[in-house]
Amino acid sequence: MLTSLSRLALITALCFSTRSIAQEPVTISSQLEQQVIEWRRDLHQHPELSNREFRTSKVISEHLKSLGLDVQTGIAHTGVVGVLKGGQPGPIVALRADMDALPVVEQTDVPFKSTAISEYRGKEVGVMHACGHDLHMAMLMGAAQKLSSMKDEIQGTVVFIFQPAEEGAPKGEEGGAELMLKEGLFDTNRPEAVFGIHVGSALPVGHVAYREGPLMASSDRFEITVKGQQTHGSRPWGGVDPIVTAGQIIGNTQTIVSRRVDITKAPAVVSFGIVEGGVRNNIIPDEVYLEGTIRNFDMDNRAQIFEDLKSTAQMTAQASGAQAHVHIDEGYPVTINNPELTRKMIPTVERVAGKEKVHISPLITGAEDFSYYALEVPGLFVFLGVTPEGENPATAPSNHSPLFFADESALKVGTEIYVNWALDYANL
Ligand code: NI
């Protein structure tokens, strides 16, 4: 039996909470699901490269305008931002989808297969949504439609971010999340929280993986130019050999991660991908060029590795009478899921996807520019599986493969996660 006090509390709760999070999650109709599938297929058939998402931008902005949202276009070149003001006061939350495709020739046999051609680094290339950003956009367009239809019930404001160039802007251009922020994305309507979903082949369709704290690595490119002095291969003492020095630099830098990084904080990777130098067997060249990548899950480790890489290369070169010029091109930061926000909002994902389908993700050494948003405001980024039932996610063609295939039943799950994040956040 309820005491009068708890009865009062119950009545108060019922009267003053428009939507309790204990309620069933909001679902989308099969009609809207079909529409989301159609958007996805259209976007899939018309993929565009980073900073060139012109048609994509038009499709999205027309849809958001048709819903009556306040729409801003042309942010960070082709980005689109839609703002939905709910009927009731409350917080601002942001939902993000990325828009760009990759220079990949599609090899799937889906009827809406891409045959698009574009230009990439001066070459003609095929273009494909091989990373699933077509699904992200379609899900967010669907979420915008569903949430618009519930406008009066919404507490607060929902910002829909359609972001170009997640895969990296073309050489010499700026782009992506960093440029959107630079152009003032969070200046007006600064969200309390930002949410993102990435589809992936590593999980069965409809399954979700998340991780509290660091989820995806930072990604930084480095260049080392080793300058020696040219001489005949038969008389190495006549010059300074940059080839042997480069070899020593490659060897010595292996101790940065194995001996100097505190691996109890987080793992890290330093890899070389390019070694270039010399033209002929018996000529010791003037110069050797090295290039590689650094991955981290801890921003302090990252700064330390930058310093260690510079000093190891420079001192090793100095010991041989050579010089090493090190340049680090900082890429995306570590993608960090705010622990408090993660604990608060994963139950929403569990209610939508089913608790048994929500898993803890391992650390992912790939990088994501969602990280920039999550450094500004609390962020939550999750992976949504798209590998069909009966297929092994471990061997299914991965994201970026010309054979990347997404089971479209994931679209309903992803759309509903976006919708319920936006609705639940205000109630928690
Ligand atoms: Ni991607």
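**View 1. The nickel ion and the spacing of its donor residues.** In sequence, the residues that donate to the nickel ion follow the pattern C-x1-H-x64-H. The atoms that coordinate the nickel ion are SG of Cys 131, NE2 of His 133 and NE2 of His 198, at 2.1 to 2.3 Å. Donors here are N, O and S atoms within 2.8 Å of the metal (3.2 Å for Na, K and Ca), and water is not among the atoms, so sites may look incomplete. This is a predicted model, in which local features need pLDDT of at least 70 and side-chain atom pairs count only at pLDDT 80 or more, while totals for chains, interfaces and linings use all residues. Residues are numbered from 1 along each chain as its sequence is written, and side-chain values use heavy atoms, with hydrogens and water left out.

**View 2. Two of the nickel donors, buried or exposed?** Cys 131 counts as buried because its relative accessibility is 8%. His 133 is buried too, with a relative accessible area of 0%. Buried means under 20% relative accessible area, exposed over 50%, and partly exposed in between (1.4 Å probe, protein chains only).

**View 3. Thr 157 and its surroundings.** Look for Thr 157 in strand β6, which covers residues 155-163. With 10% relative accessibility, Thr 157 counts as buried. Beyond its neighbours within four places in sequence, Thr 157 is in contact (heavy atoms within 4.5 Å) with residues including Val 83, Leu 84, Pro 91 and Asn 189.

**View 4. The largest nonpolar core.** A nonpolar core is a set of buried Ala, Val, Leu, Ile, Met, Phe, Trp, Tyr and Cys residues joined through side-chain atoms within 4.5 Å. The largest one has 67 residues, and those touching the most other members are Leu 147, Phe 160, Phe 162, Phe 195 and Trp 421. Helix α10 (residues 410-425) gives this core its largest share, 10 residues. Apart from it lies another core of 26 residues, among them Ala 76, Val 81, Val 194 and Phe 383.

**View 5. A closer look at Phe 162.** Leaving aside neighbours within four places in sequence, Phe 162 is in contact with Ile 60, Leu 64, Met 137 and Met 180, among others.

**View 6. The setting of these close-ups.** The protein chain holds 10 helices and 18 strands; helices (H or I, at least four residues) and strands (E, at least two) are DSSP runs, numbered from the N terminus. Of its 428 residues, 51% count as buried.
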